[in-house]
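Here is a friendly walk through one protein chain, starting from its interior and working outwards. Keep the structure open beside you as you read.

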Amino acid sequence: MKKRLPAVFSGILASVLICICSQVFAGEKVAYQNWIVDMSGVTTEAYTANDSNSSFGLFCSGEKCLFYLHQALQCQPNAKYSVLMNSANLSTALSMQCTQIGNNLFQILDPFNAVLEALKSGETIGFAVALQSGAFGVTRFSLAGSGDAIKRALSEAARSSQRGSPQTQPPPNSPGTKGLKDIMI
């Protein structure tokens, strides 16, 4: 004759298992110097932030990845703008599309490979956005840890697409990086 657990213990056991499972699938955050990799199983993001709380990062949903800026500058959703990007490795003009996700505006950077190439060396990366006033908004970010963070995010994104994860979820968060602030010139 098998012994059965009382209903109270069965309920507690079920609750504990649900909590454990939700923690396993809730995601993992890993720091790589000034960069954070946030892996939820559905999406993967590698990002950094500066002292002005602007963020720059890579967001992946399944195998589809994009680079973004999230800053205090206002833009019109779906509008495309030009931005100048500068790092030790590469200086170039990029296109960025303003995208509204929830109450936040993100600028999606294109072409992807130019941004990826710019991350390969140097200590910082900067972006200059032309403003309607005739000035430029300049945003800079630390690249310390970006190489390992980007590799991890791309690897996790490839792995998640092999598991058949759905491709829905908005971009980003932001850690704090000391010493870099947005400026207007």
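Start with Phe-127 in this predicted model. Setting aside residues within four places of it in sequence, Phe-127 is in contact with Phe-56, Leu-69, Val-83, Leu-84, Met-85, Leu-94, Leu-109, Gly-137, Val-138, Thr-139 and Phe-141. Phe-127 also belongs to the largest nonpolar core, which has 31 residues. Together with Phe-56, Leu-109 and Ile-125, Phe-127 is among the members that touch the most others in that core. Helix H3, spanning residues 146-162, supplies the largest share of this core, with 4 residues. Apart from the largest core lies another one, made of 7 residues, including Ile-36, Phe-59, Ile-101 and Ile-108.

Stepping back, here is the overall layout. The chain contains 3 helices and 11 strands, and along the sequence they follow the pattern α-β-β-β-β-β-β-β-β-α-β-β-α-β. Of the 185 residues in the chain, 39% are buried. Among contacts with a separation of 6 or more, 58% are between residues 24 or more positions apart.

Is Thr-44 buried or exposed? Thr-44 sits in strand E3, residues 43-49. Since the cut-off for buried is under 20% relative accessible area, Thr-44 counts as buried because its own value is 3%. Beyond its neighbours within four places in sequence, Thr-44 is in contact with Val-37, Asp-38, Met-39, Leu-58, Phe-59, Cys-60, Ala-153, Glu-156 and Ala-157. One of these, Phe-59, is also a member of the 7-residue core.

Next come the strands E1 and E2. These two run antiparallel and are joined by 5 bridges, with Ala-31 standing opposite Ile-36 in E2. Ile-36 is among the residues of the 7-residue core. E1 and E2 form a hairpin with 2 residues between them, and Gln-33 lies in the turn.

Gln-33 brings us to some backbone details worth a look. Gln-33 has a positive phi although it is not glycine, and so does Asn-78. The table sets the two side by side.

| Residue | Phi | Loop | Relative accessible area |
|---|---|---|---|
| Gln-33 | near 50° | between E1 (28-32) and E2 (35-39) | 64% |
| Asn-78 | near 75° | between E5 (64-70) and E6 (80-87) | 60% |

The cut-off for exposed is over 50% relative accessible area, so Gln-33 is exposed at 64%. By that cut-off, Asn-78 is therefore exposed too, at 60%.

Which peptide bond is cis? The bond from Asp-110 to Pro-111 is cis, with omega near 10°. Pro-111 lies in the loop between strand E8 (104-110) and helix H2 (112-118).

Finally, consider the empty space. Rolling a probe the size of a water molecule over the atoms shows where such space is left. The largest pocket holds about 220 Å³. Its lining consists of Gln-71, Leu-73, Gln-74, Cys-75, Gln-76, Tyr-81, Met-96, Gln-107, Val-129, Ala-130, Leu-131 and Gln-132. What does this lining look like by class? There are 7 nonpolar and 5 polar residues in the lining of the largest pocket, and no charged ones.

Note on methods
Residues numbered from 1 in each chain as written. Predicted model: local features only at pLDDT ≥ 70, side-chain atom pairs only at ≥ 80, totals over all residues. Heavy atoms only, no water. Core = buried A, V, L, I, M, F, W, Y, C linked by side-chain atoms within 4.5 Å. Buried < 20%, exposed > 50% of the residue type's maximum accessible area, 1.4 Å probe, protein only. Contact = heavy atoms within 4.5 Å. 1 Å grid on protein atoms, 1.4 Å probe; cavity = no way out; pocket = protein on both sides within 12 Å on 5 of 7 lines; lining within 4 Å. Points joined across faces, edges and corners; volume = space filled by probe spheres on them. Nonpolar A, V, L, I, M, F, W, Y, C, P; charged D, E, K, R; others polar. Pairing = 2+ DSSP bridges.
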